[in-house]
Amino acid sequence: MTCIGLMSGTSVDGIDVAIVGISGKPPELKVRLRHFEAIPYEEEIRERIFRLFRPETSSVLEICDMNFALGHVYADAVLQTIRSSGIDPSEIAFISSHGQTVYHNPVPTRIGKYEITSTLQLGEASVIAEKTRIPVISDFRVRDMAAGGQGAPLVPFVDALLFSHPTKGRIAVNLGGIANLTVLPAGGSPDRCIAFDTGPANMIIDGLVRRITRGESEYDRDGEMARAGKVQEEYLKKWMALPYFAQRPPKSTGRELFGEQCVEEWWVDSQRLGIPPEDLVATATEYTIRTLAQAIRDFVLPHYDVEEVIAGGGGSYNPVLLEGIQKELPGLKIVRQEETGISADAKEAVAFAVLGYECYHRRPNNLPSATGAKHPVVMGKIVWK
């Protein structure tokens with residue numbers, strides 16, 4: 001079966017479109033990446049997405065309009081990718097779309113007599129299906145949350161299928177906007193895996209670089225700014241004390257804790273304290289390194305025998321990040337995602353293609369040991385063409 005995985009992550013750096021061939025069923029699932037493109041957002045769309053993240057710049061009307069606008073944007077990205085791939089559109093069985101997360105609230109809130117958690121991803125599936133004439137599977141996270149889970153992280157289900165090793169314990173780390181990890185015990189079944197978000201990866205770094213360069217750069221290319229700076233230990237100590245890092249998994253986080261409001265606080269503090277720009281980026285980079293390493297030392301190594309860390313996501317291209325992680329975890333071998341046969345850029349889009357494939361076949365596709373759900377569920381809603 002050929003299908004499309006469609007991903008827009010917390011970094012909002014573009015739309016990842018993976019055309020994937022999938023066959024078999026767990027645990028003998030075979031996955032082949034046939035074509036991949038990363039399509040940048042038009043600047044107006046990107047600016048509007050960032051406005052949605054801040055209560056003071058968003059509105060009900062803006063959210064409503066952007067849900068449909070992103071449906072058009074994602075549909076056009078799919079059509080463009082199909083054309084450039086040379087694959088006949090009739091081969092595509094379905095599109096599996098993660099959508100753009102606007103807000104994720106895994107902390108219970110009381111409304112009336114109900115204790116609720118919630119999440120919201122935009123990118124109207126009906127618009128995508130109408131424009132592409134291909135069925136669309138979307139809105140994955142809500143079913144897991146309805147079953148008592150945090151609705152995140154979801155990629156660990158796929159990590160367990162694709163990257164488990166018969167004799168080596170592994171940790172699959174994704175360095176996207178948020179850093180998350182999946183523990184893959186040697187020869188273990190998926191229900192022995194654990195996974196959770198460790199904290200920020202590129203989200204704070206990227207936000208600070210945009211401010212420092214006045215939007216001319218979107219990220220710290222090759223870690224050049226971080227390497228030129230000095231870590232401000234006293235300032236870092238303040239942020240290492242956030243209660244999230246001591247919270248035991250399962251747990252998840254996102255822009256509600258480390259998004260634009262967090263970046264703004266770092267920026268204002270740097271102006272007040274006179275922290276040079278390079279030092280600010282170096283400190284934010286070290287923040288990612290230490291919170292990830294601390295999570296592994298506190299919650300993984302005491303309970304699991306692991307040898308390797310597979311590093312993926314955009315942050316895996318930052319040598320300062322990888323060098324820092326290796327320094328903090330000298331007993332583990334750091335392996336780049338590319339060495340597994342699936343590129344770091346394409347991994348999450350491929351993962352959502354797999355999640356859609358399982359939904360299409362009405363098989364559970366969450367990992368309760370990672371999300372905290374009470375039981376396995378089939379995540380995803382299908383819009384037929």
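A residue counts as partly exposed when its relative accessible area lies between the buried limit of 20% and the exposed limit of 50%. Keep that in mind for the legends below, which show views of a predicted model.

**View 1. Leu120 sits in strand β6, which covers residues 114-122.** Leu120 has 37% relative accessibility, so it counts as partly exposed. Leaving aside residues up to four places away in sequence, you will find Leu120 touching Ile63, Gln100, Thr101, Val102 and Tyr103. Val142 is 22 residues from Leu120 along the chain, and their C-alpha atoms are separated by 8.3 Å.

**View 2. Ser138 belongs to strand β7, residues 136-138.** Is Ser138 buried or exposed? Its relative accessibility is 11%, and therefore Ser138 counts as buried. The residues that Ser138 touches, not counting those up to four places away in sequence, are Ser97, Ala125, Gly380 and Lys381.

**View 3. Helix α10 runs through residues 260-273.** Do take a moment to follow this helix from end to end: α10 has 14 residues, and the distance from its first C-alpha to its last is 20 Å. That is close to the 20 Å expected at 1.5 Å a residue. Just after α10 comes Gly274, with a positive phi of about 70°.

**View 4. Here are the buried residues of α10 and what covers them.** The buried residues of this helix are Glu260, Cys262, Val263, Trp266, Asp269 and Ser270. Which elements are among those covering them? The cover includes α1 (43-52), α6 (203-212), α8 (233-240), α9 (255-258) and α11 (277-299).

**View 5. The largest nonpolar core of the chain has 39 residues.** Good places to start looking are Ile22, Phe140, Phe352 and Leu355, which have the most contacts inside this core. Two or more residues each come from β1 (2-7), β2 (15-25), β4 (92-97), α5 (156-163) and α13 (347-360). Of these, α13 gives the most to the core, with nine residues. In soluble globular proteins, nonpolar side chains tend to be buried together.

**View 6. Two cysteines, Cys359 and Cys64, are shown for their surroundings.** Cys359 has a relative accessible area of 5%, so this residue is buried. Why does Cys359 form no bond with the closest cysteine sulfur? That sulfur, in Cys3, is 12 Å from the sulfur of Cys359, which is too far for a bond. A disulfide needs a pair of cysteine sulfur atoms within 2.5 Å, and by this rule the count comes to zero disulfides. Cys64, by contrast with the buried Cys359, counts as partly exposed because its relative accessibility is 47%.

**View 7. To place the close-ups, here is the whole chain, with 14 helices and 13 strands.** Along its principal axes, the C-alpha trace spans about 55 × 50 × 50 Å. The radius of gyration is 20 Å, which agrees with the value near 21 Å that a compact globule of 385 residues would have. Of those 385 residues, 56% count as buried. Among contacts with a separation of 6 or more, 70% are between residues 24 or more positions apart. The accessible surface comes to about 16400 Å², and carbon and sulfur atoms account for 52% of it.

Conventions: Residues are numbered from 1 along each chain as its sequence is written. This is a predicted model: local features need pLDDT of at least 70, side-chain atom pairs count only at pLDDT 80 or more; totals for chains, interfaces and linings use all residues. Side-chain values use heavy atoms; hydrogens and water are left out. Buried means under 20% relative accessible area, exposed over 50%, partly exposed in between (1.4 Å probe, protein chains only). Helices (H or I, at least four residues) and strands (E, at least two) are DSSP runs, numbered from the N terminus. The expected span of a helix is 1.5 Å times one less than its number of residues. Contact means heavy atoms within 4.5 Å. The radius of gyration is taken over C-alpha atoms; the globule rule is 2.2 Å times the number of residues to the power 0.38. Accessible areas come from the Shrake-Rupley method with a 1.4 Å probe; for residues, only the protein chains shown count as cover. A nonpolar core is a set of buried Ala, Val, Leu, Ile, Met, Phe, Trp, Tyr and Cys residues joined through side-chain atoms within 4.5 Å.
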